[in-house]
Protein chains: 2
Amino acid sequence: MKVIPKTEVIYTLSPKHKPAERVEIGESILLQTEDAFGGQIRTEKDSIEKLDWSKVDGATGPVYVEGAKPGDTLVVDILDVHTDNKGLIATIPKSGILGYKPFKPATKVVQIRKGYVHFEKGIQLRTKPMIGTIGVTPKTETPTGTLGRHGGNMDFKELTAGTRLYLPVLVKGALFAAGDLHAVQADGELCVSAIETAGETKVRLSLIKNKQPELPVLETEAQFSILACGDTLDEAARFATEAAVQALLREHGWTFEKAYMFASLAVNLQINQVVDPKKGVRATISKDFISLDSLLT
Amino acid sequence: MKVIPKTEVIYTLSPKHKPAERVEIGESILLQTEDAFGGQIRTEKDSIEKLDWSKVDGATGPVYVEGAKPGDTLVVDILDVHTDNKGLIATIPKSGILGYKPFKPATKVVQIRKGYVHFEKGIQLRTKPMIGTIGVTPKTETPTGTLGRHGGNMDFKELTAGTRLYLPVLVKGALFAAGDLHAVQADGELCVSAIETAGETKVRLSLIKNKQPELPVLETEAQFSILACGDTLDEAARFATEAAVQALLREHGWTFEKAYMFASLAVNLQINQVVDPKKGVRATISKDFISLDSLLT
């Protein structure tokens, strides 16, 4: 299996980037990834204030997928997410959902052992390793820290091993990248960081030709989640709902009114993160009520 | 057990309302309730356009709890939520999260049988009977359809049998009321209604003296949810987070920075509903990390 080392880190997604690696359709690849702070913070004494902000939220890549063309869907099977045994979390003044309050920059380094994050004596959290940043390259150069239709820094805690992500291919070769692993994160990522770690993730990249999801879609065992973003949570919630109602219309041939009613009963609006310039909301629907076909057009 | 019939419906919570019933501390009571449309819609031909809007989102009560005083907490054990075998859902132009789109008023009547809502042939949803409106009386008269610190029309799908709700007593006797049962509702209640039904709910009312939650708190088997509302989802999310971080500070004696970090890892921000003038967001924390004591001050 091809391996991309974490030295192949990019801080923008750009159609002009030279591929770090090329894969055939259906090929698996291992990405070694740096943490969200670009490895600049090693101890609790390393200050967030001295951070080079051009080196955060990086991703490893890009990976050129042979045969991928705009109009296709890149199918990303997340096979494994393996974090380092050390992680860190930080508060950054003016950042996070309570950024309007006065508080200090602070860094906490934690050990990750045997499936638990050791926050402090007696306080352990079960790990749920996830990918913070994962996406294809949009038509115009975009920071990896941005989220959008192409994916990006979605910070959605269900982006874990065993799930499958559908992304719209927007440039030739897709130019896929991923990074910014979290050992654990709650819905919201309230203080602006989670347990940030270096690590590695194994993905299999394949294609669905000539159709695309309107927004990124994550498939888990029992459901599909449509991943929307907006300038506010309310806007993201509207976009997620519109996409879900349109998918229900396609699936069942219902009137708008009937699909809208059904969404009230079966589409769960949930929060991904509230702390990036673009907020993230997902619309989650059981596979009992929707099929992949209706999520791609 | 005392029973309050559904003719004792109120459309405002007011300290001036005469109690429909009085209970001792720890007493259970059965409330028979009308549906959210006040029983005005019986068939799919009954138009939403002719609705008397002063007769919607009613609640049965108020119940005077002997000994309840402002500054106390009313503890509501939801023992049973039993819906009728018929329910209805409606789209109302200009309403719901997609209210900016053009669509027609429509009503759908559904059968509720053997634990399922029969939406249409081949499309069934498992019921999860819940209470849409539940609260104590605020100091000033407030429509039952409003939500706030007193509870109200929270439309939170986990307000089900087996849960316990903590509400701040704001007037003498608490003057508790509940109604607006839903047979099933997803997070968001996107089209503005869920499966609305008449029915009955059994609750046990008790008190914790001289301390209160900042916002309503729902206890389930494994976690506590702090129920916030705001003019936008973003505002509701901030209020929910502030209350959760303050509770973590009290529980663990942490600095603000440490509590804020921990919230990123262990406090899940989730959506209750997005379709009332006040949007609802909950902050959910596992009982591994928070105790009731820290949620009351």
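B:P62 sits in strand β6 (residues 59-65) of chain B, where strands are DSSP runs of E with at least two residues and helices are runs of H or I with at least four, both numbered from the N terminus. The peptide bond leading from B:G61 into B:P62 is cis, its omega being near 0°. Chain A has a cis bond as well, between A:G61 and A:P62, with omega about 0°, and A:P62 has its place in strand β6 (residues 59-65) of chain A. This is a predicted model, in which local features need pLDDT of at least 70 and side-chain atom pairs count only at pLDDT 80 or more, while totals for chains, interfaces and linings use all residues; side-chain values use heavy atoms, with hydrogens and water left out. Residues are numbered from 1 along each chain as its sequence is written, with chains lettered from A and ligands numbered from 1 in the order in which they are written.

A backbone oddity turns up at A:D57, which is not a glycine yet has a positive phi of about 55°. A:D57 belongs to the loop between β5 (27-33) and β6 of chain A. For context, most residues other than glycine have a negative phi, and most peptide bonds are trans.

Turning to the helices, α1 (residues 233-252) of chain B runs for 20 residues and reaches 28 Å from first C-alpha to last, close to the 28 Å expected at 1.5 Å a residue; the expected span is 1.5 Å times one less than the number of residues. For α1(A), the 20 residues should also span 28 Å at that rise, and the end C-alpha atoms, 28 Å apart, agree with this. After α1(B) comes B:G253, with a positive phi near 65°, and after α1(A) comes A:G253, with a positive phi near 65°.

The axes of α1(A) and α1(B) come within 7 Å and cross at roughly 120° (axes are lines fitted to C-alpha atoms, for helices over the stretch in contact, with angles from 0 to 180 degrees between N-to-C directions). That makes α1(A) oblique to α1(B), given that angles under 35 degrees count as roughly parallel, over 145 as roughly antiparallel, 65 to 115 as roughly perpendicular and the rest as oblique. Here A:L233, A:D234 and A:A237 meet B:L233, B:D234 and B:A237, contact meaning heavy atoms within 4.5 Å. By class, the residues of this contact are four nonpolar, no polar and two charged (nonpolar: Ala, Val, Leu, Ile, Met, Phe, Trp, Tyr, Cys and Pro; charged: Asp, Glu, Lys and Arg; polar: the others, Gly among them).

As a whole, the contact between the chains takes 61 residues from chain B and 61 residues from chain A. Together the two chains bury about 5100 Å², 70% of it on carbon and sulfur atoms; buried area is the accessible area (1.4 Å probe) that two parts lose on being put together, summed over both. On the chain B side, B:Y260, B:M261 and B:L265 lose the most area to chain A, together 15% of what that side buries.
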